[in-house]
Amino acid sequence: AISAANQILGLDPSERAGYDALASVYEAMGDRDQAAEAYEQLVSLAPDDADAWEHLGTWRSLQGNTDGAIAAYERSVQLDNSRYTARFSLAEADLDGEHYEEASQVYQSLIADASDLDPDDLAAAYAGLADSYNSLERYDDAIKTCQTLLEQFEDDPEGYYQMATAYDSQGNFAQAIEYYRKAIESDPLNADYYNDLADTLRESKNYDEALESAQQAIAMDPSLI
């Protein structure tokens, strides 16, 4: 397939067909560097292709190139604001890059378009906004956002988790523990929830429970440092 794609490029390197083919092949192979390079070439030939820019953002993100991913996602969204997958990816990349204010703005814009989102995406947008507020140390705003989320989507685990994170950061360990446990009840297979619960239990000097929760987290995900 790579050979065929290169033959297409050899016949006419100024046309995008060869890069389309090459990008698809490397994407199927999971080759991050080659896929990113192919999409980089593709957007240079077709700078108004929002889909290609979004794909470039995906592979830049997988490369660990957060700034490159953000730039690509931003260009995709500029070209087509209705690409909700690109907008979510942009917000996530902003969070990864510690651009928390920018992330909150993207999530707010997604919530403003609630009528165009399916329920799962709307819940994810609220959870992402709460995560952004927690990262900005705007804990009261995070709590309010989680309350709105949980009013619309009862028992949403990320809503409980972000609520717990906000209370934890405020030093309200009793409330944090309550909401970490609710998050675990809603999503009992998430090792991070057990890990954070263990940390808060330790902070509140509930050492036996902290140990039990930490052991549960390690049993579920031994890679947790």
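Start by selecting Arg 60 in this predicted model. Arg 60 sits in helix 4. Leaving aside neighbours within four places in sequence, show what Arg 60 is in contact with: Ala 36, Glu 40, Asn 65, Gly 68 and Ala 69. Is Arg 60 buried or exposed? Arg 60 is buried, with a relative accessible area of 15%, and the cut-off for that label is under 20%.

**Next stop: helix 3 against helix 4**

Now select residues 32-45, which form helix 3, and keep helix 4 on screen. The two axes come within 9 Å and cross at roughly 150°. Because angles over 145 degrees count as roughly antiparallel, helix 3 and helix 4 are roughly antiparallel to each other. The crossing of helix 3 past helix 4 is left-handed.

To see the contact itself, color these two sets of side chains:

- From helix 3: Arg 32, Asp 33, Ala 35, Ala 36, Tyr 39, Glu 40, Leu 42 and Val 43.
- From helix 4: Ala 52, Trp 53, His 55, Leu 56, Trp 59, Arg 60, Leu 62 and Gln 63.

Arg 60, your starting residue, is one of the contact residues from helix 4. Color by residue class and the contact divides into 10 nonpolar, two polar and four charged residues.

**Move on to helix 6**

Select residues 84-96 to light up helix 6. What span should its 13 residues have? At 1.5 Å a residue the expected value is 18 Å, and the end C-alpha atoms are 18 Å apart, so the two agree.

Of those 13 residues, 10 are buried, so helix 6 is largely enclosed by the rest of the structure. The buried residues are Tyr 84, Ala 86, Arg 87, Phe 88, Ser 89, Leu 90, Ala 91, Ala 93, Asp 94 and Leu 95. Turn on the partners they pack against: helix 4 (50-63), helix 5 (66-79), helix 7 (100-112) and helix 8 (119-135). Before leaving, look just after helix 6 at Glu 98, which takes a positive phi of about 65°.

**Follow on to helix 8**

Helix 8, one of the packing partners of helix 6, has 17 residues. From first C-alpha to last it reaches 24 Å, close to the 24 Å expected at 1.5 Å a residue. Its buried residues are Leu 122, Ala 123, Ala 125, Tyr 126, Ala 127, Gly 128, Leu 129, Ala 130, Ser 132, Tyr 133 and Asn 134. What covers them includes helix 6, helix 7, helix 9 (139-152) and helix 10 (157-169).

**A loop residue: Phe 153**

Go to the loop between helix 9 and helix 10 and pick Phe 153. Phe 153 is buried, with a relative accessible area of 19%. Not counting residues up to four places away in sequence, Phe 153 touches Pro 119, Leu 122 and Ala 123. Leu 122 and Ala 123 are also among the buried residues of helix 8. For a distance to try in your viewer, join the C-alpha atoms of Phe 153 and Tyr 73: they are 80 residues apart along the chain and separated by 28 Å.

**Zoom out**

Finally, show the whole chain as a cartoon. How many helices and strands does the chain have? There are 13 helices and zero strands. The C-alpha trace spans about 70 × 40 × 25 Å along its principal axes. Buried residues make up 42% of the 225 residues. Among contacts with a separation of 6 or more, 42% are between residues 24 or more positions apart.

Methods:
Residues are numbered from 1 along each chain as its sequence is written. Side-chain values use heavy atoms; hydrogens and water are left out. Helices (H or I, at least four residues) and strands (E, at least two) are DSSP runs, numbered from the N terminus. The expected span of a helix is 1.5 Å times one less than its number of residues. Buried means under 20% relative accessible area, exposed over 50%, partly exposed in between (1.4 Å probe, protein chains only). Contact means heavy atoms within 4.5 Å. Axes are lines fitted to C-alpha atoms, for helices over the stretch in contact, and angles run from 0 to 180 degrees between N-to-C directions. Angles under 35 degrees count as roughly parallel, over 145 as roughly antiparallel, 65 to 115 as roughly perpendicular and the rest as oblique. A crossing is left-handed if the near helix is turned anticlockwise from the far one by less than a right angle, and right-handed if clockwise. Ala, Val, Leu, Ile, Met, Phe, Trp, Tyr, Cys and Pro count as nonpolar, Asp, Glu, Lys and Arg as charged, and the others, Gly among them, as polar.
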